[in-house]
Amino acid sequence: MSSSSGTVSFSVTAIGEGFKKNLLFRRGAKPNELLCVTGSIGDAKIGLDLLLKKKQESKNFKKNYFIKKFLNPPFRNDFIRMIRHKVSSCIDISDGLVFDSSKLAVNSKCGVNINSSKIPISLKAQEILKKKYFSLIDLINAGDDYELAFSVSEKNLDFIKNIANIKKVKVSVIGKFTKE
């Protein structure tokens, strides 16, 4: 869900064809591969809730970190293009970390274990969690982060982290794919 009280915005869906070698799918993860995510999880949920509850004066909305994260999701196109040949499956986190990660596992006919202590939560969101306005479960089940979740073999992790460093993209290993 997206909304704006300011300027008019448009959403566009493009459908087309691509070379199979350049495409990433939700299937392809293998047992023992790592589950990685980009960025921080849950900031957009907090931003959306702030907008819906209007807990701040509207003049401060554009300055609010969380609202910015909701209204201006990240674009990871350059990053994913540079690592696609090392990644076995990928999805954007639009429906929540748990749900979208499970899509990778189900489509790959395997399971996934996520270590909750490894999930990247921004420092600002950690402060919100300490105040108990939200729980970690709220943040990992909410959507609209538009970060990436992807599977990669351990041997390719250094390559991924080097590209992430070059592109200034935070990458966190948060789990592992399993046989079941």
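# Briefing: strands, helix 4 and the buried core

L35 has G175 as its bridge partner in strand 5. That pair is one entry point into this predicted model. The protein has seven helices and five strands. Strands 1 and 4 are each largely enclosed by the rest of the structure, because five of the five residues are buried in strand 1 and five of the five in strand 4. The points below go from the whole chain to single residues.

**Overall build**

- Along the sequence, the order of elements is β-α-α-α-β-α-β-α-α-β-α-β. The pattern opens with a strand and closes with a strand.
- The radius of gyration is 17 Å. A compact globule of 180 residues would have a value near 16 Å, so the protein agrees with that expectation.
- Along the principal axes, the C-alpha atoms fill a box of roughly 50 × 40 × 30 Å.
- Of the 180 residues, 42% are buried.
- Take the contacts between residues at least 6 apart in sequence: 82% of them join residues at least 24 apart.

**Surface and charge**

- The exposed area of the protein is about 11400 Å². Carbon and sulfur atoms supply 52% of that area.
- There are 32 positive and 17 negative charges. The mean positions of the two sets lie 3 Å apart.

**Strand 1**

- Strand 1 covers residues 34-38. Its five residues are all buried, so the rest of the structure largely encloses it.
- Both faces are covered. L34, C36 and T38 are buried on one side. L35 and V37 are buried on the other.
- Strand 1 pairs with strand 5. The two run antiparallel and share five bridges.
- Strand 1 also pairs with strand 4, again in the antiparallel sense, over four bridges.
- Two residues show the pairing with strand 4. L34 has V152 as its bridge partner, and L35 stands opposite S151.
- L35 therefore takes part in both pairings: it faces S151 in strand 4 and bridges to G175 in strand 5.

**Strand 4**

- Strand 4 covers residues 148-152. Five of its five residues are buried, so it too is largely enclosed by the rest of the structure.
- Both of its faces are covered. One side holds the buried residues L148, F150 and V152. The other holds buried A149 and S151.
- Strand 4 pairs with strand 2 in the antiparallel sense, over five bridges. In that pairing, I91 stands opposite A149.
- Strand 4 thus has pairing partners in strand 1 and strand 2.

**Helix 4**

- Helix 4 spans residues 97-107. Its buried residues are L97, D100, S101, K103, L104 and A105.
- In general, an α-helix has 3.6 residues a turn, so residues three or four places apart point the same way.
- Cover for the buried residues of helix 4 comes from several elements, including strands 1, 2, 3, 4 and 5 and helix 6.
- After the helix comes K109, with a positive phi near 55°.

**Three residues to find**

- Is D100 buried or exposed? D100 sits in helix 4. Its relative accessibility is 0%, so it counts as buried.
- Beyond its neighbours within four places in sequence, D100 is in contact with I91, D92, I93, S94 and D95. I91 is also the residue opposite A149 in strand 4.
- S172 belongs to strand 5. At 11% relative accessibility, S172 counts as buried, because the cut-off is under 20%.
- Leaving out residues up to four places away in sequence, S172 touches L35, C36, V37, K118 and P120.
- N32 lies in the segment before strand 1. With a relative accessible area of 54%, N32 is exposed, because the cut-off is over 50%.
- Which residues does N32 contact, apart from its neighbours within four places in sequence? They are K176 and F177.
- N32 and V152 are 120 residues apart along the chain. Their C-alpha atoms are separated by 9.2 Å.

Terms used
Residues are numbered from 1 along each chain as its sequence is written. This is a predicted model: local features need pLDDT of at least 70, side-chain atom pairs count only at pLDDT 80 or more; totals for chains, interfaces and linings use all residues. Side-chain values use heavy atoms; hydrogens and water are left out. The radius of gyration is taken over C-alpha atoms; the globule rule is 2.2 Å times the number of residues to the power 0.38. Buried means under 20% relative accessible area, exposed over 50%, partly exposed in between (1.4 Å probe, protein chains only). Contact means heavy atoms within 4.5 Å. Accessible areas come from the Shrake-Rupley method with a 1.4 Å probe; for residues, only the protein chains shown count as cover. Lys and Arg count as positive and Asp and Glu as negative; His and the chain ends are not counted. The place of a charge is taken as NZ of Lys, CZ of Arg, CG of Asp or CD of Glu. Two strands pair if DSSP finds at least two bridges between them.
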